[in-house]
Amino acid sequence: VHTPPGYELIEDLSDEFDGNSLDENKWTTQNLGWRGRQPGLFDPSNVVVNNGTLQLWAHAAHRNDSWPPGYDNYTTAAIHSVATVRQGFFEIRWRSGSSGISSSWWFHGNSGGTWTEIDVFETTGVDNLPEKETAGAFPSHVHVFALPGINTSDLPAKCGCQLHSHQSKPCSSAAYFNLPTGHTFTTAFHTASLNWTDSGVVISLDGKVVNTIPSHCLPQEIGMDFDRETMPGWMALPPPDTLPDHPFEVDYVRSYKRV
């Protein structure tokens, strides 16, 4: 593992996924703060470490009495880091899942008064045309849900972001990149990196800067997430009988802090 000059490895947020099970000292599938984006329910059994990769699967399943209302037909997968971090350089090598269920790398934290999120990417395996997500899209976002002592209506002026419809939170900033027509993130592995500094986030794909989001409103330490979600209205919901698809695979994640 090559450490960039001026940085040192953050062991608790780095993983080569070389074993046969998830390292529970670094990652959790429990107490994530939510059960998944409806209708897909997070299921820890869909998280697998095998053949040198983290694999996040999606399956068809009918709800039972243990499922909360609103969930049906799909189980998905998520892990969240035990450690938290503020700023640094982070890199993964991954291949996205092959269906319309998302494959995402992101960071988030909600301490009550402060609630922020960085979405490095949220990808899909199939086009959802004409106006929604495509399989070659590489969108990145910064979301600010709450800051201490700041009214929601004042977040755009403070953070340079935009509130959602009806002036509701989160206050979001975005940047977008697209692969050439006909290319997707499902057929080959790619590398993605996040460089998070005081001025915001810079995101690279296969060594090339593609998305830059200025932000001065990321004051807290937050945890790292890998997950798959059903996203009706944005990404195409696959027919349940077409699942499981090819999983979202992560070959490694390497995290560094300045020294």
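Analyst: A pocket is an open set of grid points with protein on both sides within 12 Å along at least five of seven lines. With that idea in hand, we may examine this structure, which is a predicted model.

User: How much space lies in the largest pocket?

Analyst: The largest pocket holds about 580 Å³ of space. Its lining is made of 24 residues, and those closest to the centre are Arg-37, Glu-117, Asp-119, His-143 and Phe-145. Four elements give two or more residues to this lining: S9, strand S10 (115–123), strand S11 (137–146) and strand S13 (168–178).

User: How many residues of each class are in the lining of the largest pocket?

Analyst: The lining of the largest pocket comprises ten nonpolar, eight polar and six charged residues.

User: How many cavities of 30 Å³ or more does the structure hold?

Analyst: A cavity differs in kind from a pocket, because a probe of 1.4 Å fits inside a cavity but cannot get out. The structure holds one cavity of 30 Å³ or more, and the largest cavity contains about 50 Å³ of space. Strand S7 (73–85), strand S9 (103–110) and strand S17 (222–228) each give two or more residues to the lining of this cavity. S7 gives the most, with three residues.

User: Which residues line the largest cavity, and how are they divided by class?

Analyst: The lining consists of Leu-32, Trp-34, Phe-42, Ala-78, Ile-79, His-80, Trp-106, His-108, Asp-225 and Asp-227. Six of the lining residues are nonpolar, two are polar and two are charged.

User: Let us turn to the whole chain. How many helices and strands make up its secondary structure?

Analyst: The protein chain has one helix and 18 strands.

User: Which radius of gyration does the protein chain have, and which would a compact globule have?

Analyst: The general idea is to set the value for the chain beside the one expected from its number of residues. For 259 residues, a compact globule would have a radius of gyration near 18 Å, and the protein chain has 18 Å, so the two agree. Along the principal axes, the C-alpha atoms fill a box of roughly 45 × 45 × 40 Å. Of the 259 residues, 53% count as buried. The accessible surface comes to about 11900 Å², and carbon and sulfur atoms account for 48% of that surface.

User: What share of the contacts with a separation of 6 or more comes from residues 24 or more positions apart?

Analyst: Among those contacts in the protein chain, residues 24 or more positions apart account for 72%. Two residues give a local view of such contacts.

User: Where is Leu-41 found, and which residues does Leu-41 touch?

Analyst: Leu-41 is found in strand S3, which covers residues 40–42. Leu-41 counts as buried because its relative accessible area is 5%, and the cut-off is under 20%. Setting aside residues up to four places away in sequence, Leu-41 touches Arg-35, Trp-67, Pro-68, Tyr-71, Tyr-74, Thr-75 and Thr-76. Leu-41 and Asn-73 are 32 residues apart in sequence, while their C-alpha atoms are 8.8 Å apart in space.

User: Is Ala-192 buried or exposed?

Analyst: Ala-192 counts as buried, at 1% relative accessibility. Ala-192 lies in strand S14, residues 190–197. Beyond its neighbours within four places in sequence, Ala-192 is in contact with Phe-90, Glu-91, Ile-92, Trp-94, Trp-105, Phe-121, Phe-138 and Ser-204. The C-alpha atoms of Ala-192 and Asp-206 are separated by 6.1 Å, with these positions 14 residues apart along the chain.

User: How should one read the backbone angles, and what is the phi of Phe-17?

Analyst: Most residues other than glycine have a negative phi, and most peptide bonds are trans. Phe-17 is not a glycine, yet has a positive phi of about 50°. Phe-17 is placed in the loop between strand S1 (7–9) and strand S2 (27–28) and is buried, with a relative accessible area of 2%. Asn-31, which is not a glycine either, has a positive phi of about 50°. The place of Asn-31 is the loop between S2 and S3, and Asn-31 is exposed, with a relative accessible area of 78%.

User: Which residues does a cis peptide bond join?

Analyst: A cis peptide bond joins Leu-129 and Pro-130, with omega about 15°; Pro-130 is found in the loop between S10 and S11. A cis peptide bond also joins Lys-169 and Pro-170, with omega about 10°; Pro-170 lies in strand S13.

Conventions: Residues numbered from 1 in each chain as written. Predicted model: local features only at pLDDT ≥ 70, side-chain atom pairs only at ≥ 80, totals over all residues. Heavy atoms only, no water. Buried < 20%, exposed > 50% of the residue type's maximum accessible area, 1.4 Å probe, protein only. Contact = heavy atoms within 4.5 Å. 1 Å grid on protein atoms, 1.4 Å probe; cavity = no way out; pocket = protein on both sides within 12 Å on 5 of 7 lines; lining within 4 Å. Points joined across faces, edges and corners; volume = space filled by probe spheres on them. Nonpolar A, V, L, I, M, F, W, Y, C, P; charged D, E, K, R; others polar. Rg over C-alpha atoms; globule rule 2.2 N^0.38 Å. Areas by Shrake-Rupley, 256 points an atom, 1.4 Å probe, with all protein chains shown as cover.
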